[in-house]
Amino acid sequence: MSEIKYGVIDHHSMWGWPKQNTTPEEAEIVFVWNDFTIKEDVLRWQKEGKKVICFEHGWNAFFDYKLNNHIPIADGFLALGKNSAKSLIECGLNQQKVLITGNPNLGKIRKIKPYFFPHRKKILYTALHWTRDLYDYNNAKLDEIINTFSSVADIYVKTNDKSKIRIPDGVLQWNSNINENKCLFQEIMNGLKNFDIVLTPKESTFDFIALKIGKKVFRIGKPEEYRHSDDPNTRSILPYEPISIELLNKNCEIMVNLEDELSKSIKMSKILKWAVEA
């Protein structure tokens, strides 16, 4: 069989398999990070006889269809794990259109050994980026964290190019380039080693990685604090925890089996064979 030409429209460096130097116009298969935001392009490519396959561009991404009533229009979907695949099927997608693939980027995540020697605690706040500017919200959360923990811990803030927050004196910043960064996931794992707990308003792919390597992660935000009535619904796998000094000595509760969130990654050859028949 001749080599299948495929193109990839990536997002936040999530595509974990090899890429070809092939444009969507040249490709037989187009892998996209989302179908409903580029609906016209997807329909045009399908009309031209191309297969359009949507890959899960971050942990939790495919739940968007079920939670927000989006209609799947791609020819097939590459799910990170059992739970996201199940969510697609529950919103009416034929199970033959869903392939559980994992992702090589996330497949490199390994649990790390915790610190056992005495040290000053390090707390990481992951600033929330949302559908609008959350500068005031992030500042209020960070101020509460500073007031609660600054006497006993060093405080850091995790940001990317979409984060809006003021970094006060005495607080350190960890910023990541999330676009076309081939080292992003290794950088995240290496950086997370330094922290005792992670505080997040809403779980993200970053926080999921923290959980997978064995870090304590606490959800300190409620959707009603930052959502407007017309904002998208989201899924949580951690219970809400108010900010308190007790979090330093508390174990986090995870409401799902993490193994069902992320499966072992499969090879590109198997994906291409499946995509041709999708």
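The following dialogue discusses how to read several features of a predicted model.

Biologist: On what basis should the model be read?

Modeller: The model is predicted: local features need pLDDT of at least 70, side-chain atom pairs count only at pLDDT 80 or more, and totals for chains, interfaces and linings use all residues. Residues are numbered from 1 along each chain as its sequence is written, and side-chain values use heavy atoms, with hydrogens and water left out.

Biologist: What is the order of the strands in the open sheet of five strands?

Modeller: Strands of a sheet pair through backbone hydrogen bonds, either parallel or antiparallel. Strands (E, at least two residues) and helices (H or I, at least four residues) are DSSP runs, numbered from the N terminus, and two strands pair if DSSP finds at least two bridges between them. Here the order is E8-E7-E6-E9-E10, and the pairing is parallel. Strand E8 (172-176) and E10 stand at the edges, each with a single partner strand, so one side of each lacks a neighbour in the sheet. On average, neighbouring strands of this sheet are turned by 25 degrees against each other, direction ignored; the axes are lines fitted to C-alpha atoms, for helices over the stretch in contact, and angles run from 0 to 180 degrees between N-to-C directions.

Biologist: How many bridges join strand E6 to E9, and which residue stands opposite Ile197?

Modeller: Three bridges join strand E6 (residues 121-126) to E9, in the parallel sense, and Ile123 of the pairing stands opposite Ile197 in E9. Towards strand E7 (residues 153-160), E6 forms six bridges, again parallel, and Ile123 has Ile155 as its bridge partner in E7. E9 also pairs in parallel with strand E10 (residues 216-219), over four bridges; Lys216 is the partner of Ile197 in E10.

Biologist: What is the handedness of the unit made by E9, helix H7 and E10?

Modeller: A crossover is right-handed if, with the strands pointing away from the viewer, the path from the first strand over the helix to the second runs clockwise. E9, helix H7 (residues 205-212) and E10 make a right-handed β-α-β unit.

Biologist: Are the residues on the two faces of strand E9 buried or exposed?

Modeller: Buried means under 20% relative accessible area, exposed over 50%, and partly exposed in between, with a 1.4 Å probe and protein chains only. In strand E9 (residues 197-200), Ile197 and Leu199 on one side and Val198 and Thr200 on the other are all buried. By contrast, Glu259 in helix H9 (residues 258-261) counts as exposed, at 51% relative accessibility. Its C-alpha lies 9.2 Å from that of Lys212, although Glu259 and Lys212 are 47 residues apart in sequence.

Biologist: Which residues of H3 are buried, and what do they pack against?

Modeller: The buried residues of helix H3 are Asn83, Ser84, Ala85, Ser87 and Leu88. They pack against helix H2 (63-68), strand E4 (76-79), strand E5 (98-100) and H9. Ser87, within H3 (residues 82-90), has a relative accessible area of 1%. Neighbours within four places in sequence aside, Ser87 is in contact (heavy atoms within 4.5 Å) with Phe62, Phe63 and Lys66.

Biologist: Where does a positive phi appear in a residue other than glycine?

Modeller: Most residues other than glycine have a negative phi. His12, in the loop between strand E1 (6-9) and strand E2 (29-32), has a positive phi near 55 degrees. Asn60 has a positive phi of about 85 degrees; Asn60 lies in the loop between strand E3 (51-55) and H2 and is buried, at 15% relative accessible area. After H3 comes a glycine, Gly92, with a positive phi near 105 degrees.
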